[in-house]
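Work through the exercises below with the sequence and the model open. Each task is followed by a solution in steps.

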Amino acid sequence: MASNTLNLIAILSLTISILLSLYPQLAFSFQMEDFDGEEEYVLDHPVIIPNLRSRSRFLKTSPTKDKLRKGAGCDPDPSLNICKGISANNGTSLLYCCKTHCRNVLSDRNNCGKCGNRCKFGQRCCGGVCTNVANNVNHCGKCGNQCSSGVQCDNGFCGYA
């Protein structure tokens, strides 16, 4: 009895492995919207880093920065803050200091449009607006996924009833 069960488990696992290798889209059809593969923001315009600790008369210019690591720390005080409405990634990101971290208010579900504005369950932050992506033909399943003309969005898929 035990050997029959082990044989059955081995056959099932082998069958599943073969199916997944032939059709990987079945196992990996989801997309994680919050992680888009980039580990840093490329600032559209280099910014001067505030440096109030150094009061040296020999320091003629403040250092500039053209990239910013995602989730970088910031100071809520606007005079000390690097993330004060700075545009990044060719205008697709807008960075603000929310509490103590730089956040993209155009796509962050916890800071959508402004710091502290949380999107409800099932919504995504699309261009700074909380959007129901389950039935929106302009943002079907994810931000920016537009259904063809006359095709409905149903549960995040274009054209399925």
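**Exercise 1: the salt bridge**

Glu40 and Lys67 form a salt bridge in this predicted model. Their closest N and O atoms are 3.5 Å apart.

Task: Show that the pair meets the distance cut-off, and state which strands the pair links.

Solution.
1. The cut-off is a side-chain nitrogen of Lys or Arg within 4 Å of a carboxyl oxygen of Asp or Glu.
2. For Lys67 and Glu40 the closest N and O atoms lie 3.5 Å apart, so the pair qualifies.
3. Glu40 belongs to strand β1 (residues 40–48), while Lys67 belongs to strand β2 (residues 64–69).
4. The two residues are 27 residues apart, and the pair links distant parts of the chain.
5. A search of the whole structure finds one salt bridge.

**Exercise 2: exposure of the pair**

Task: Assign Glu40 to buried, partly exposed or exposed, and do likewise for Lys67.

Solution.
1. Buried means under 20% relative accessible area and exposed means over 50%, with partly exposed in between.
2. Glu40 has a relative accessible area of 32%, so Glu40 is partly exposed.
3. Lys67 has a relative accessible area of 40%, so Lys67 is partly exposed.

**Exercise 3: the whole protein**

Task: Describe the secondary structure, the buried share and the exposed surface.

Solution.
1. The protein has two helices and nine strands, in the order α-α-β-β-β-β-β-β-β-β-β along the sequence.
2. Of the 161 residues, 20% are buried.
3. The exposed area is about 11,700 Å², with 56% of it supplied by carbon and sulfur atoms.
4. Among contacts between residues at least 6 apart in sequence, 29% join residues at least 24 apart.

Notes: Residues are numbered from 1 along each chain as its sequence is written. This is a predicted model: local features need pLDDT of at least 70, side-chain atom pairs count only at pLDDT 80 or more; totals for chains, interfaces and linings use all residues. Side-chain values use heavy atoms; hydrogens and water are left out. Helices (H or I, at least four residues) and strands (E, at least two) are DSSP runs, numbered from the N terminus. Buried means under 20% relative accessible area, exposed over 50%, partly exposed in between (1.4 Å probe, protein chains only). Contact means heavy atoms within 4.5 Å. Accessible areas come from the Shrake-Rupley method with a 1.4 Å probe; for residues, only the protein chains shown count as cover.
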